[in-house]
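Q: Please take a close look at one part of this structure, the nonpolar patch on its surface. Which residues and elements make it up, and what surrounds the residues that lie in those elements or elsewhere in the strands?

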Amino acid sequence: MKHLSAALLAALVTAAPALAQEAGTLTLGFGIGTVAPKDNNGALAGMESSIGKNTRPILTLEYFIRDNIGIELLAAAPFKHDISLAGLGEIGSTKQLPPTLSVNWHIPTTSKFTPFVGLGVNYTKFFEEKSSLGMLKIKESFGLAATLGVDYAISDKAALRADIRYIDIDSDVQLNGTKIGKAEIDPLVASVSYVMKF
């Protein structure tokens with residue numbers, strides 16, 4: 001009986017329809033994302049810098065130009081990051097917006113799980129920089145972005161999503177108008193979302 005129940009459960013899972021991704025489909029996702037910069041964020045004024053992580057609401061909008069291939073825009077509420085320097089501790093903070101445009105391939109399956117991969121470009125705008133050392137300015141950044149994720153269909157119109165992104169963010173940093181180095185942020189962005197299909 002135990003083996004029969006396990007086999008029946010497996011059959012039900014694999015027979016369940018995935019969230020269909022036909023050409024012309026539009027999806028809208030609401031969730032939470034954490035931007036976690038890599039360790040060792042480059043030298044600023046000759047001192048090693050460290051940029052803290054932050055969690056904020058995110059929004060995704062994806063339009064399928066072909067079956068299983070979508071163009072996705074990632075947006076978010078502003079992320080705030082603390083900035084520390086070796087030997088000085090926390091010396092300031094900044095906010096940033098990281099809109100990212102990607103092309104995603106949703107890999108067809110016969111289960112409720114639909115994995116996907118994506119590649120795109122990111123634009124990061126920094127603002128409201130503050131520092132105890134003077135006037136801090138972090139320049140905008142353009143870079144590549146890569147995504148790996150999975151959708152779990154809870155109906156033919158909705159899914160739960162988990163994904164992780166790598167974003168190439170390298171920005172010149174100025175203090176009182178003088179360049180003091182480059183912030184090598186290059187974060188991983190982990191998020192979970194509720195996705196609706198239209």
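A: In this predicted model, Ile 65 is a residue of strand 4, and because its relative accessible area is 45%, Ile 65 counts as partly exposed. Ile 65 belongs to a nonpolar surface patch of about 860 Å², which is also made by Leu 26, Leu 61, Tyr 63, Ile 71, Leu 73, Leu 101, Val 103, Val 121 and Phe 198. Two or more residues of the patch come from each of strand 4 (54-66), strand 5 (69-76) and strand 8 (100-106), and strand 4, with three residues, gives the most.

Strand 8 also holds Thr 100, which is buried because its relative accessibility is 1%, where buried means under 20%. The side chain of Thr 100 forms a polar contact of 2.9 Å with the side chain of Asn 122. If residues up to four places away in sequence are left out, Thr 100 touches Leu 73 and Val 121, together with Glu 72, Leu 74, Asn 122, Ala 145 and Ile 167; Leu 73 and Val 121 are among the residues that make the nonpolar patch.

A further buried position is found in strand 7 (residues 89-97), where Gln 96 lies, and Gln 96 has a relative accessibility of 4%. Its side chain makes a polar contact of 3.1 Å with the side chain of His 81. Apart from neighbours within four places in sequence, Gln 96 is in contact with His 81 as well as Val 35, Pro 78, Phe 79, Thr 124, Lys 125, Phe 126 and Phe 127.

Conventions:
Residues are numbered from 1 along each chain as its sequence is written. This is a predicted model: local features need pLDDT of at least 70, side-chain atom pairs count only at pLDDT 80 or more; totals for chains, interfaces and linings use all residues. Side-chain values use heavy atoms; hydrogens and water are left out. Patches are made of residues with over 30% relative accessible area and no salt bridge: like charges are joined within 9 Å, nonpolar side chains (Val, Leu, Ile, Met, Phe, Trp, Tyr) within 5 Å. Accessible areas come from the Shrake-Rupley method with a 1.4 Å probe; for residues, only the protein chains shown count as cover. A salt bridge is a side-chain nitrogen of Lys or Arg within 4 Å of a carboxyl oxygen of Asp or Glu. Helices (H or I, at least four residues) and strands (E, at least two) are DSSP runs, numbered from the N terminus. Buried means under 20% relative accessible area, exposed over 50%, partly exposed in between (1.4 Å probe, protein chains only). A polar contact is a pair of N or O atoms within 3.5 Å; within protein, one must be able to donate a hydrogen and the other to accept it, and residues adjacent in sequence count only if both atoms are side-chain atoms. Contact means heavy atoms within 4.5 Å.
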